[in-house]
Amino acid sequence: MSNSIESTLHETRVFPPPESFVAQANVSGKAAYQALLDEADRDPNGFWGRLARENLQWSKPFTQVLDESKAPFYTWFGDGELNVSANCLDVNLVNGNADKIAIIFEADGGEVTQVTYQQLYERVCKFANALKALGYKAGDRAIIYLPMSIEAVVAMQACARLGVIHSVVFGGFSSKSLHERITDVGASLVITADAQMRGGKAIALKPAVDEALGMGGCEAVRHSIVYRRTGGDVAWDAKRDLWMHEITAKQSADCPPVPVNAEHPLFILYTSGSTGKPKGVQHSSGGYLLWAKLTMEWTFDAKPSDIFWCTADVGWVTGHSYITYGPLAAGLTQVVFEGVPTYPDAGRFWKMIQDHKVTTFYTAPTAIRSLIKASEAKASHHPKSYDLSSLRLLGSVGEPINPEAWMWYHINVGGERCPIVDTWWQTETGGHMITPLPGVTPLKPGSCTTRLPGITAAIVDETGGDVEAGHGGFLVIKRPWPSMIRAIWGDPDRYVKSYFPSELRGYYLAGDGAQCDTDGCFWIMGRIDDVLNVSGHRLGTMEVESALVAHELVAEAAVVGRPDATTGEAVVAFVVLKRSRPEGDEAIAIGKQLRDWVAKEIGPIAKPKEIRFGDNLPKTRSGKIMRRLLRVVAKGETVTQDVSTLENPAILDQLSTPV
């Protein structure tokens, strides 16, 4: 860890927030920020209770803020009741936003659809009434497997309106991944589409649902509701399948929201774990929504006049917090897009900012890095070829952004006038944890800077003791916070073991290595476990290895990550076949076959960038695969570590050649 820390902290460029931004910011200046920090540190329960009362509408007010009696199974506002959808939609109908544009949706082909808060409310109510007519109620679980669309937001909000717990599955995942999630969560409903559009091509979705439901163990699923996106032919099961437009057509445009306990699960979102089986991260209703709304107002400095655009997919937590819930709870107009940033050409993001007068733009370092390459290749794809003067704030999410990409973003997209909020958070945290506040924080390229009020982030050693500034350690959160993960669905032991190890004094373990500099700014150094971060998406190495070994040709596999200029981290697989090691064209052909296999088993995001074949893998004499050595080999570096414990040190040379 030390080498990367030292090289990162050579960064000396600092960018104070523009005075004009500070003057209008929701949190304006260091004194205002410090006052919030002090309030939260002095009286955490009073701080969180005040914010929950001021920012959310409760159908039954809470009297207890935090219950720690069953730690680490914390509960927040546990005797209060509310409805998340009502806090996103109904509040906007009574505060003057009924005719305000809620969503500007731009489809893959460039077609634009706008809906007001009143129209969005009516669409959500009609769909919720349709679900209610089918017998769905609070506590039921629904899998949502939809393209980016207004319908995806409607489906999530309709579930929230009824207290139906949703679990969204990214549209790029395979039928096997879908099946795992349907069975683990015990879903009785699937909401999907005939297809999604991506880069000008229709990609079928319903066949993956049909295949998943046919794998067994899905008997609880009573209905599959299908959104007609492309109108292509689809296989149809008349006993189970229903068209979304048909079941909503005659429903009332008013559906009373169902009050639920603040701790009622709003959603379960699966994230990769190092054991191979994805973890069902369970989030509450009250605490989660409070933080989604607060971080909109603090991190993004949300203003009624903003046009907010988060480029994420709702299949990931970023799309939950900063598309479906946070912006609507904050009463903003937001842009939602379908497709990829390079279609119809690599100027699409910049054209959309220009066309829709976007003020706040939130995207991933992977997208930024790929668009840097594109803009260098063709001037018409460069941000400076577009009018981006509407922008006032930029954001980065998904992984640490390298300093040079930060500078390019700052200069070419932000025109050197827009603060950049480089946000660190996780599926498990529900919202931003460490991030600059744009009206407060001096920015350092590559650093997520400082903790948000109420978030007790710290760097500790293996025993939970604080480490000195400039030294690496484990990133932890010392005290609970309202939007934190409540459980791993169906696996309480794994929840405790994964996030609250006893050796770290019961602190929340983020799983990232990090350090603080002498200014108190955090620098994230990467995962401490075997979870890869590819384009901001977390993949368990065990998950990819399991897929490879399931192929009939493969005897053994080990997967590691290596730095990648575009995706942040790339998957590198070391494979031993059941037959002799292939070479030349044969190795290329088998490598392609295995990549396609992984894409089918897990999803295209998990495809290995490289596959290296060996007669065997580097193992200790006790049989343990030495993945730390494979990481060195994957980077193309020379192994300088002691290899005396290896049973077969010569194998490292053989594995140094990629296919």
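This short talk walks through some helix contacts, salt bridges and buried residues of the structure shown above.

Please keep in mind throughout that this is a predicted model, and that residue numbers count from 1 along the chain as its sequence is written.

Let me begin with two pairs of helices. Helix H6, which covers residues 117-133, packs against helix H7, residues 150-162, at an angle of about 60°, and their axes are 8 Å apart. An angle of that kind is neither in the range of 65 to 115 degrees that counts as roughly perpendicular nor under the 35 degrees that counts as roughly parallel, and the two helices are therefore oblique to each other. Their crossing is right-handed. On the H6 side the residues that meet H7 include Leu120, Tyr121, Val124 and Phe127, and on the H7 side the contact includes Ile150, Val154, Ala155 and Leu162. Sorted by class, the residues of this contact are 13 nonpolar, 1 polar and 4 charged.

The second pair is helix H5, residues 84-94, with helix H12, residues 317-329, whose axes come within 8 Å and cross at roughly 50°. H5 and H12 are therefore oblique to each other as well, but here the crossing is left-handed. Val84, Asn87, Cys88, Leu89 and Asn92 of H5 make this contact with Tyr325, Leu328 and Ala329 of H12. Its residues divide into 6 nonpolar and 2 polar, with no charged residues.

Let me turn now to charged side chains. In general, side chains of opposite charge can pair when their charged atoms come close. In this model the count comes to 37 salt bridges, and I will take you through a few of them.

Arginine 451 forms a salt bridge with aspartate 41, and the closest N and O atoms of the two are 2.8 Å apart. Arginine 451 lies in the loop between strands S20 and S21, whereas aspartate 41 sits in helix H3, residues 29-42, so the pair ties together parts that are 410 residues apart in sequence. With a relative accessibility of 19%, arginine 451 counts as buried because the cut-off is under 20%, while aspartate 41, at 34%, is partly exposed.

Two further bridges join residues that are both buried. Arginine 612 and glutamate 610 meet through their side chains at 2.8 Å, N to O, and their relative accessibilities are 3% for the arginine and 12% for the glutamate. Aspartate 564 pairs with arginine 562, with the closest N and O atoms 3.7 Å apart; here the aspartate is buried at 11% and the arginine is buried at 14%.

Salt bridges also link Lys206, Asp210, Asp237, Arg240 and Asp241 into a network.

I will finish with two helices and their buried residues. In helix H8, residues 175-185, the buried residues are Ser175, Ser177, Leu178, His179, Arg181, Ile182 and Val185. What covers these residues includes strands S6, S8 and S14, together with helices H9 and H18. Just after H8 comes glycine 186, which takes a positive phi of about 70°.

Which residues of helix H13 are buried? In this helix, residues 348-356, they are Arg348, Phe349, Trp350, Met352, Ile353 and His356. H13 is followed by lysine 357, and the phi of lysine 357 is positive, near 55°.

Conventions. Predicted model: local features only at pLDDT ≥ 70, side-chain atom pairs only at ≥ 80, totals over all residues. Heavy atoms only, no water. Axes fitted to C-alpha atoms, helices over the stretch in contact; angles between N-to-C directions. Helix = DSSP H or I, 4+ residues; strand = E, 2+ residues; numbered from the N terminus. Parallel < 35°, antiparallel > 145°, perpendicular 65-115°, else oblique. Left-handed = near helix turned anticlockwise from the far one by under 90°. Contact = heavy atoms within 4.5 Å. Nonpolar A, V, L, I, M, F, W, Y, C, P; charged D, E, K, R; others polar. Salt bridge = Lys/Arg side-chain N within 4 Å of Asp/Glu carboxyl O. Buried < 20%, exposed > 50% of the residue type's maximum accessible area, 1.4 Å probe, protein only.
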